[in-house]
Amino acid sequence: MAGDVGVSSRLDGWIPARLQVEGEQPWVDWCHLGSQRFTDPFFDETLERRLRHPFPLLFRHRTSMETLVERQSSHPGLPVRGLVFHMSRCGSTLLAQLLASLPRHIVLSEAAPVDTVLRIHSRLPWVDEARRIEWLRAVVAGLGQQRNPEEQAVFLKLDAWHVLELPLLERAFPGVPWLFLYRDPVEVMASHQKHRGAHMLPGVLEPARVGLGTAQLSELSLEEYGARVLARLCEAGLEGYRARKSPALLLNHRGLQDTAVSRLVELFGLEPDALELELLTQAAARDAKNPVLPFEDDTRQKAEAVSEASRKAAENGVRPVYDALEAERLRAEPADRLSS
């Protein structure tokens, strides 16, 4: 494993795959990606697929964060053209797969190094907002290097809880368009009931981030806690939209299959040619998380499967902010379309 001396000049084809905090400092573990594209539904899936090959499995680089930051000056990466925020289990993977269907895009879907930087101040209190922004830009630049001649731009599909960092992300990537995707809370709760996401478990997110005190955690059922998390994510999306400093869009999962392509084209200025439009159409017809299967609408299935506890928590805890999002979207949508 190489050190920092002269390593920056030998990192072409490598990506900052993991950030590790040891002591009071973050370190960057690099993986050789070569020309492999990020076409899997999630960043970690691409990384795992790459590590099945002997070279990237056996040979690694580790550098300091300073080396990554310094390298950005000579290797700035492709420009970031869009951010995708979401409340979780609402179709964001479909949007990422649509964007990734065009070879000119690098789509970083819930990339672990991005998450580490956004949350690193909870482990390293000396890391202030300015440093997080600097490191975030350096990480995205490292991940967004052009490895194929057709690649032109980078899109970030963020983890659900990253909407809590929306103001910071707007400052890190000023003027970059973004959207917040949401879904009927009963359907989202039904999905988490079947397989609960990490952020829906008490203790994963700092209680204060979702408007709770530590003592309150033991007073809430899993369903009530999950509803509180979803409500806070939706509140952050709504607050961010109302205070937006960049072009932004609120998007409901309902009807997504019919409108996703057109809304992405409008917001991000994709201007697809006939071949690219066909690629987008084909991607929209596939199951986003298992692209070998065709898309199937699971709305009715979720409505029937949800438990009474999950339904009650969704209606009491999330429905009001969902309705506020809907009112804001309907109020803004005609203007959004006229200005596109």
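Begin by selecting D184 together with V186 in this predicted model: D184 caps the N-terminal end of helix α8, with one of its side-chain oxygens placed 2.9 Å from the backbone nitrogen of V186. Then extend the selection along α8 itself, which covers residues 185-194. Because eight of its ten residues are buried, this helix is largely enclosed by the rest of the structure. The buried residues to colour are P185, V186, E187, V188, M189, A190, S191 and H192, so that V186, whose backbone nitrogen faces the capping oxygen of D184 in the contact just described, is itself among the residues that count as buried under the cut-off of 20% relative accessible area.

Next, turn to the largest nonpolar core, which has 109 residues, and display L83, L95, L98, L136, F173 and F180, the members that touch the most other members. Helix α9, residues 222-242, gives the most to this core, contributing ten residues. To see one of these well-connected members in detail, centre the view on L95 and show its neighbours: leaving aside residues up to four places away in sequence, L95 touches V84, L179, L181, L251, L256, A260 and L264.

From the core, move to the enclosed space in the model. Which residues line the largest cavity? Select Q97, A283, R286, D287, A288 and P291, and the lining is on screen. By class, this lining comprises three nonpolar residues, one polar residue and two charged residues. About 40 Å³ of space lies inside the cavity, and the structure holds one cavity of 30 Å³ or more.

The following stop is S64, which is found in strand β3, residues 61-64. Is S64 buried or exposed? Its relative accessibility is 10%, and S64 therefore counts as buried, the cut-off for that class being under 20%. Add T67 to the selection and look for the contact between the two residues, where a polar atom of the S64 side chain lies 3.2 Å from the backbone nitrogen of T67.

Finish at R123, in the loop that runs between α5 (112-119) and α6 (129-143). With a relative accessibility of 54%, R123 counts as exposed, since that class begins over 50%. Select G23 as well and draw a distance between the two C-alpha atoms: R123 and G23 are 100 residues apart along the chain, and their C-alpha atoms are separated by 10.0 Å.

Key: Residues numbered from 1 in each chain as written. Predicted model: local features only at pLDDT ≥ 70, side-chain atom pairs only at ≥ 80, totals over all residues. Heavy atoms only, no water. Buried < 20%, exposed > 50% of the residue type's maximum accessible area, 1.4 Å probe, protein only. Helix = DSSP H or I, 4+ residues; strand = E, 2+ residues; numbered from the N terminus. Polar contact = N/O pair within 3.5 Å; in protein donor to acceptor, adjacent residues only side chain to side chain. 1 Å grid on protein atoms, 1.4 Å probe; cavity = no way out; pocket = protein on both sides within 12 Å on 5 of 7 lines; lining within 4 Å. Points joined across faces, edges and corners; volume = space filled by probe spheres on them. Nonpolar A, V, L, I, M, F, W, Y, C, P; charged D, E, K, R; others polar. Core = buried A, V, L, I, M, F, W, Y, C linked by side-chain atoms within 4.5 Å. Contact = heavy atoms within 4.5 Å.
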